[in-house]
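Dear colleague,

Please find below the sequence and structure that I am handing over to you. I would be grateful if you could read the notes that follow alongside the coordinates.

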Amino acid sequence: DAMPLWSTQALAQEHCCDEWKAFKPTAISVSDLLEFWIEDLNEDNVIVGLNWVSEGECAELELAEFTQLVVDIEAL
């Protein structure tokens, strides 16, 4: 399984159609992501899909790799 994450609300909004039309994109702070989400995603053994698009290739990262990248960026 994969957890899709988008860098902008506009990109996420593109996927709020069909069976997901009632959903609204919501921002997740980095602190909330690291404190609450990562542990749950790890327990569910999912990968992270970055900026998914309807058609074409999408970046998918193992959770550990994604988490390390987020931590590295926050340290800058």
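The notes below cover confidence, overall fold, strand pairing, the nonpolar core and one loop residue.

This is a predicted model, in which local features need pLDDT of at least 70 and side-chain atom pairs count only at pLDDT 80 or more, while totals for chains, interfaces and linings use all residues. Residues are numbered from 1 along each chain as its sequence is written, and side-chain values use heavy atoms, with hydrogens and water left out.

The mean pLDDT (the predictor's confidence in each residue, from 0 to 100) is 92 for the chain, and 99% of the residues reach 70 or more. Among the elements, strand β1 (residues 2–5) has the lowest mean, 91, and helix α3 (residues 63–75) the highest, 95.

The chain has three helices and three strands, in the order β-α-α-β-β-α from the N terminus. These elements are DSSP runs numbered from the N terminus (helices H or I, at least four residues; strands E, at least two). The C-alpha atoms fill a box of roughly 35 × 25 × 20 Å along the principal axes. Of the 76 residues, 21% count as buried, that is, under 20% relative accessible area with a 1.4 Å probe, protein chains only.

Strands are taken as paired if DSSP finds at least two bridges between them. β1 and strand β2 (residues 47–50) are parallel and share four bridges, with Met3 opposite Val48 of β2. On the antiparallel side, three bridges connect β2 to strand β3 (residues 59–61); here Gly49 has Glu60 in β3 as its bridge partner.

The largest nonpolar core (buried Ala, Val, Leu, Ile, Met, Phe, Trp, Tyr and Cys residues joined through side-chain atoms within 4.5 Å) has ten residues, among them Leu5, Leu33, Val48, Leu61 and Phe66. Helices α2 and α3 each supply at least two residues of this core. Val46 is also a core member; beyond its neighbours within four places in sequence, Val46 is in contact (heavy atoms within 4.5 Å) with Asp1, Ala2, Met3, Leu41 and Leu63.

Finally, His15 lies in the loop between α1 (9–13) and α2 (30–43). The His15 side chain reaches the backbone oxygen of Trp52 at 2.9 Å. Not counting residues up to four places away in sequence, His15 touches Trp6, Trp20, Trp52, Val53 and Ser54.

With kind regards

Note on methods:
Polar contact = N/O pair within 3.5 Å; in protein donor to acceptor, adjacent residues only side chain to side chain. Buried < 20%, exposed > 50% of the residue type's maximum accessible area, 1.4 Å probe, protein only.
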